[in-house]
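Trainee: Could you walk me through this model for a while, taking my questions as they come?
Mentor: Gladly, let us look at it together.

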Amino acid sequence: MEVVDLRRSYGEYEAVRGVSFSIARGELFALLGTNGAGKTTTLEVLEGYHPPTSGRVRVFGLDPFTAGPQVRRRTGVMLQEGGFFKELTVKETVDCWRSFTSRARPTAAVLAEVGLEARAGTRVGQLSGGERRRLDLALAVLNEPELLFLDEPTTGMDPEARRATWRLVAGLRAAGTTVVLTTHYLEEAQQLADRVAIMDRGVIAAAGTVAEVLAGRGDLITLPLPPGLDLAALPELLGAAPSSADGRAVYRVPRSAPALAALHAWAASRGVELDGLEVRSGSLEDVFLDLADRHAPADRHSPGEHHTPADRHSPTATGASR
Ligand SMILES: Nc1ncnc2c1ncn2[C@@H]1O[C@H](COP(=O)(O)OP(=O)(O)OP(=O)(O)O)[C@@H](O)[C@H]1O
């Protein structure tokens, strides 16, 4: 898949403003971004639902808009919101889709794969949100696609179903399926993706492997201010002075081990207790928060807060791994 300087406008509003990337066969590529960044718009152009306003998009070497049927035959799509007939059962829904699909796999096998075999006789209208996402996934993988688009596939799933979906997606990828994923769960991208691109306001703000995107971000050490001490009394660690967030001192350091050794030596020499010390690696969450901060009033976020973009729009979201 190749995307060169893709632009897509809705009337006057340019939602995607010059995006370029390529995805190799068998790769799992995650498109991440803030709300309204242009991920779904980009995906819909790649899926052939809309032509680009300008720029070039090729999927299997074909233009997905003009060569829609040829591309779609080899593609599975899990949209953000699938349209189902609520009165049909789960099995009837899959059977119905099988009748439209060439090379469709058996219904029972697909339902087992997404963990819905026990719900085969349940009407779709009675499924939970997470179960409906699993049914969406079943339909997307029905034809053993070479290329699979997953738009926020695990939204609404409980942690166990989410992990089961990750195993399924990882298995498809291991079997050679190319996967394009959008997600608000940064842990999902960290777990699954070979490469990520982070979109912000219509452009790609950062891209590469997770390790490349995180390179140079260092580690975070936080601790409550020890009793009787203010921030100025704390030492620099590897040349980094602490900042303050919610009554905690926060250090961003290149490597945590020598910084911690220096901090413990300082504390021991002064008889200071370091209760509540926390250490974590840089994460995609930090990259997001930095992006959000670029557009936000200066005091809205401090490094000690740990809200993922998912937290901001979903009360059930889990944060990135620490
Ligand atoms: N059909 C449309 N008409 C007008 N504007 C639209 C349309 N679809 C999307 N937009 C706007 O384009 C921008 C990008 O939307 P898009 O859905 O691509 O973002 P997204 O990154 O998928 O967001 P989210 O994470 O919130 O789903 C948003 O500002 C949105 O309001």
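Trainee: In what sense do β1 and β4 pair, and over how many bridges?
Mentor: This is a predicted model, and in it strand β1, residues 2-10, pairs with β4 in the antiparallel sense over four bridges. To give you one position in that pairing, Val 4 stands opposite Arg 56 in β4.

Trainee: What is the strand order in the sheet they belong to?
Mentor: The order is β2-β1-β4, an open sheet of three strands in which the pairing is antiparallel. The edges are taken by β2 (13-22) and β4 (54-58), each of which has a single partner strand, so one side of each is left without a neighbour in the sheet. Neighbouring strands here are turned against each other by 30° on average, if direction is ignored.

Trainee: Changing topic, is α1 mostly buried or exposed?
Mentor: Helix α1, residues 39-46, has six of its eight residues buried, so it is largely enclosed by the rest of the structure. The buried residues in α1 are Lys 39, Thr 41, Thr 42, Leu 43, Val 45 and Leu 46. If you follow the chain past the helix you come to Gly 48, whose phi is positive, near 85°.

Trainee: And how do α3 and α5 pack, at what angle?
Mentor: Two packed helices are described by the angle between their axes and the distance between the axes. For helix α3 (residues 90-100) and helix α5 (residues 129-140), the angle is about 25° and the axes are 10 Å apart. Since angles under 35 degrees count as roughly parallel, α3 is therefore roughly parallel to α5. The crossing of α3 and α5 is right-handed.

Trainee: Which residues meet there?
Mentor: From α3 come Val 90, Thr 93, Val 94 and Trp 97, and they meet Leu 135, Ala 138 and Leu 139 in α5. Sorted by class, the contact of α3 with α5 has six nonpolar residues, one polar residue and no charged ones.

Trainee: OK, on to the four-stranded sheet: what is its order?
Mentor: The strands of that open sheet come in the order β11-β12-β10-β13, with antiparallel pairing. Its edge strands are β11 (243-245) and β13, and each of them pairs on one side only.

Trainee: How many bridges does each of those pairs have?
Mentor: Strand β10 (residues 219-224) and strand β12 (residues 248-253) are paired over six bridges in the antiparallel sense, while β10 and strand β13 (residues 278-281) are paired over four bridges, also antiparallel. β11 and β12 run antiparallel and are joined by three bridges.

Trainee: Which residues sit opposite each other?
Mentor: Between β10 and β12, Leu 220 stands opposite Arg 252, and Leu 223 has Ala 249 as its bridge partner in β12. Ala 249 also has Ser 244 standing opposite. On the β13 side, the bridge partner of Asp 219 is Ser 281.

Trainee: What about the turn between β11 and β12?
Mentor: That hairpin has two residues between the strands, and Asp 246 takes a positive phi near 55° there.

Trainee: Which side chains of β12 are buried?
Mentor: In a regular strand the side chains alternate between the two faces of the sheet. Along β12 they do alternate, with Ala 249, Tyr 251 and Val 253 pointing to one face, where they are buried, and Arg 248, Val 250 and Arg 252 pointing to the other, where they are not.

Trainee: Which helix lies across these strands?
Mentor: Helix α9, residues 256-270, lies across β10, β12 and β13, and runs at about 25° to β10. The loop between β12 and α9 holds Arg 255.

Trainee: Is Arg 255 buried or exposed?
Mentor: Arg 255 is exposed, because it has 10 other C-beta atoms within 10 Å, and a residue counts as exposed at 12 or fewer. Arg 255 is also 47 Å from Ala 109, C-alpha to C-alpha, with the two 146 residues apart in sequence.

Trainee: Last one: what does the whole protein look like in numbers?
Mentor: The protein has eleven helices and 13 strands, and its C-alpha atoms fill a box of roughly 75 × 45 × 35 Å along the principal axes. Of its 322 residues, 36% are buried. Among contacts with a separation of 6 or more, 65% are between residues 24 or more positions apart.

Conventions:
Residues numbered from 1 in each chain as written. Predicted model: local features only at pLDDT ≥ 70, side-chain atom pairs only at ≥ 80, totals over all residues. Axes fitted to C-alpha atoms, helices over the stretch in contact; angles between N-to-C directions. Parallel < 35°, antiparallel > 145°, perpendicular 65-115°, else oblique. Left-handed = near helix turned anticlockwise from the far one by under 90°. Contact = placed C-beta atoms within 7 Å. Nonpolar A, V, L, I, M, F, W, Y, C, P; charged D, E, K, R; others polar. Pairing = 2+ DSSP bridges. Buried ≥ 20, exposed ≤ 12 C-beta atoms within 10 Å, placed from the backbone.
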